[in-house]
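Take a moment to look over the structure below. Then follow the text from one part to the next.

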Amino acid sequence: MGFFKKIQKAFGMLRQEVRILVIGLDNSGKTTLINHIKPSSSSTFEVTPTVGYNVEEFSKNNLNFTVFDMSGEGRYRNLWEHYYESVQAIIYVIDSTDSLRLCVSSDELSTLLSHPSLSSRSLPLLFFSNKMDVPGALSPVEVMKGMELEEIKDRPWHITASNAITGAGVEEGVAWLSEKIIENQERGGHK
Amino acid sequence: MTTIWHDPVASIKAHSSCVRLVDLNGDRSNILLVADDNKKMRVYKGTSVVAEHQLLDHPVSMCVFYTSGSSNSMPAVGIAGGSYVFIYRHLRPYFKFSLPCVEIDPQDESIWQEMTSEQVNCEAGYQMLSQARDGGAKLSSWSLDFLSLEKEEQRQAYVQAKKGVEHKQHTVVTCMETMKKDHDAEDAVSSLVIGTENNQVLILDPSGSKVICQALLPSTPAMMAITGLYDVEWRIVVACRDGKIYTIKNGESRGNAVVTGTVIELETQPNTLARIEKYIYLTTMDGSLSCYHIKGRKVFSLSLPAPATCLGVAKISRSRTLEALIVSLGNGEVRLYNGKHLIHSLQMDDVVVAMRWGQFGREQNSCAFIGRSGSLTLKMMSRHANLEKGDAISGPPAEQDIPLKVPKKTKLFVEQSEREVLNATHMHRVFQRDLVKLRLTTARSYVKVITSGEGGGGGGGGGGGGVTNVRLNVSVVGLGPIFNLKVEVTNGGVASLRDLPLSVIYNTSVYRSDRPAVDIPLLLSNVTVTVVLKLKNVHPEGAGENVRVVLGNKKSSVPLAAALITMPMSELEE
């Protein structure tokens, strides 16, 4: 990193580029959640099932985010793995009311963790236990047990209950993620 | 496939046609609908029963169909029971379709008319009806009930009760399926297709209020598989109770049905039927799975390890849709076939009696299984499940492409083969001569062994002693016609002998014995064992003849010891 860039960075002028992959089963609320991560000016309201994927770009927490909002439908899930290589963090959204498909979600997660381009890197993983406002929703601890998140020991991860409609819990999660990304990049910079 | 939910005490009693996975609320989240044989309809959403409704009759089949083509229409549920189809909307009874009445035999009709108007008395009517029955007429249910009454008063009461009642003959639904009207989509408008006890197949209009097409089969339909669209072209494959598969298709004009000449005659009764594209799959009572082309040609037949309990089509939606066949067997196994290749097999805790593949909740590729004990299991297929496994088996084995390790040709080998080419005749002759010599030597030594009697000793299990030394001493006791042969066996060798069969050989026209052979389990060294064998002289003049007593050996055909006994003349039986 050049001297000029260091100064720029110190003054928060040069923003870091961050690529984030948002995945999870269909109807878990990924697109709605991204609408809340985005600064309010660029939010859209009508949410329909995503086909393929959407790319959102915005800056927040002194970082330039490029978010890949992947479709969660079964036939599009094989697209996920093509982005593993190029991203710095992964957000995994779980529908906490869908206890039936928790095992499907868990199955997808284990496929993700064992993917060769991810198993060697310690990307931060952020889990959103979404739809916490719905009666009968599982608590983050229950989701954690159901998804066997305790087994993940080789990378930082965090789980937050969220409500993507009101935006509750989203900020907390994103703050954690930004912190981890900056930490990761600084470590990368020292090397 | 992973089990996502298992309820061992769901106490469901249903068969496959009464289990449906359906998007009842139009929110793309499918629920499980079960028409239970205990006259209940249950609705499972997620893992809980959200609704339970009482049914009016035992359900025969339950179908879900869309009555109007608007994009967010709710499906109607048709439940067939008895001679009615009850149609539910929003899970509430909405409409009842009664099957059209059957025409009554005119003879039957007139007898009843006369009986109820008292032109003919009850007894005469009874006689006339039984004559009609013997004459082969198809009687109405009234007549059959009437003829089964034994007492005069009961018959009279029956006739009294029928006075003023319209004489109608109802039929009952045996099977029901749906047919799409004009386009093939999950929520396309569809009609009910009903098979009835009086050999008919009826197609209703999408609202389920009237019959728009019907066909008459030679036998009662038991199972149906439907393809095509009503407005375009369609085909109904029907398995009937006479063990034959008939095909009904659309006729020249609309609303016209033709029973085609293609009839598949099965050797055994079919118990399940399914159709994938142009192929009909069925399992029969003899535990085999057969596939026929829709034109009637047999494609293949597989024998299953246990008789099939149900059969379904598993539409596996992935990047490309695969239609596989899912078969549950009597041993609790569930198999998935792609064509004739077994692609997956899973063992269930219970014998599956009903199953339905489809979307459950929001997950496609799910399957609901109902066990014999009433258990309910929901399974989902992993996205990464390998379904191509079966295809690999069909090709040549992988070993075919691995080259064999052929050793290098050495100089010695080359010289040797050259020599063999040059002197082939000579070498062959030498070899043949040596072979004959070897055989001769073998034969000579064999003869020597037999003549010297060494054979018994060699194979005799004498153990360390080498040559066994067994003595037989036989004495004849009695005057006849029954003689006792007292056989004293002594092992003179060092080692003990085991399992020795002792038998007496005689001319059957002279002697007879109930027990001509005895086993001596153990013969210790220097111990005498006495065995008594009974022989009866049956010769008409009581002539005596020589008898042999042989002590055999289980390990060799050469006896250990033998004795020849000259039998005395016998007294004649009085």
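How many helices and how many strands does the secondary structure of chain B come to? The count is eight helices and 37 strands. Keep in mind that this is a predicted model. Chain B has 574 residues, and buried residues make up 32% of them. Now take the contacts in chain B with a separation of 6 or more. Residues 24 or more positions apart account for 50% of those contacts.

Start with one sheet in chain B. Four strands form this open sheet, in the order β1-β29-β28-β27. The pairing is antiparallel. Which strands stand at the edges? They are β1 and β27 of chain B. Each has a single partner strand, so one side of each is left without a neighbour in the sheet. From one strand to the next, the twist averages 20°.

Look inside that sheet. β28(B) pairs with β29(B), residues 376–380, in the antiparallel sense. Five bridges join the two. Here B:Ile370 stands opposite B:Leu376 in β29(B).

B:Ile370 also leads into the core. The largest nonpolar core has 97 residues. Which of its residues touch the most other members? They are B:Val193, B:Val238, B:Leu325, B:Ile326, B:Ala368 and B:Ile370. Strand β27 of chain B, residues 352–360, gives the most to this core, with six residues.

Pick out B:Ala368 from that group. Leave aside its neighbours within four places in sequence. What is B:Ala368 then in contact with? Its partners are B:Val19, B:Leu21, B:Leu32, B:Met355, B:Arg356, B:Phe360, B:Leu376 and B:Leu378.

Two of those partners, B:Leu21 and B:Leu32, point the way to the next strands. B:Leu21 stands opposite B:Leu32 in β3(B). Strand β2 of chain B, residues 19–22, runs antiparallel to β3(B), and four bridges join them. Is β3(B), residues 31–36, mostly covered or mostly open? It is mostly covered: five of its six residues are buried.

β3(B) pairs with β4(B), residues 40–45, too. This pairing is antiparallel and has five bridges. In it, B:Leu33 stands opposite B:Val43 in β4(B). The two strands form a hairpin with three residues between them. In the turn, B:Lys39 has a positive phi of about 55°.

Next, find a loop in chain B. B:Glu277 is in the loop between β19 (270–276) and β20 (279–284) of chain B. Is B:Glu277 buried or exposed? It counts as exposed because it has 7 C-beta neighbours inside 10 Å, and the cut-off for exposed is 12 or fewer. B:Glu277 and B:Glu323 are 46 residues apart along the chain. Their C-alpha atoms are separated by 8.7 Å.

Now move to where the chains meet. How many residues does the contact take from each chain? It takes 16 residues from chain B and 13 residues from chain A. On the side of chain B that touches chain A, β1 (2–7) and β28 (363–371) of chain B each supply at least two residues. β1(B) gives the largest share, three residues. By class, this side of chain B has three nonpolar, nine polar and four charged residues.

Cross over to chain A. Its mean pLDDT is 83, and 87% of its residues reach 70 or more. Where in chain A is confidence lowest? It is lowest in helix α1 of chain A, residues 3–10, at a mean of 59. It is highest in β5(A), at 92. Where pLDDT is low, the predicted coordinates should not be read in detail.

Another core lies apart from the largest one. It has 39 residues, among them A:Met132, A:Ala137, A:Val143 and A:Ala161.

Finish with two loop residues of chain A. Most residues other than glycine have a negative phi. A:Asn27 is not a glycine, yet its phi is positive, about 65°. It is found in the loop between β1 (16–24) and α2 (30–37) of chain A. A:Asn27 counts as buried because it has 20 C-beta neighbours inside 10 Å. A:Lys131 also has a positive phi, near 65°. A:Lys131 lies in the loop between β5 (125–130) and α5 (140–147) of chain A. With 24 C-beta neighbours inside 10 Å, A:Lys131 counts as buried.

Definitions and conventions:
Residues are numbered from 1 along each chain as its sequence is written. Chains are lettered from A and ligands numbered from 1 in the order in which they are written. This is a predicted model: local features need pLDDT of at least 70, side-chain atom pairs count only at pLDDT 80 or more; totals for chains, interfaces and linings use all residues. Two residues are in contact if their C-beta atoms, placed from the backbone, lie within 7 Å. Ala, Val, Leu, Ile, Met, Phe, Trp, Tyr, Cys and Pro count as nonpolar, Asp, Glu, Lys and Arg as charged, and the others, Gly among them, as polar. A nonpolar core is a set of buried Ala, Val, Leu, Ile, Met, Phe, Trp, Tyr and Cys residues joined through C-beta atoms within 7 Å. pLDDT is the predictor's confidence in each residue, from 0 to 100. Two strands pair if DSSP finds at least two bridges between them. Axes are lines fitted to C-alpha atoms, for helices over the stretch in contact, and angles run from 0 to 180 degrees between N-to-C directions.
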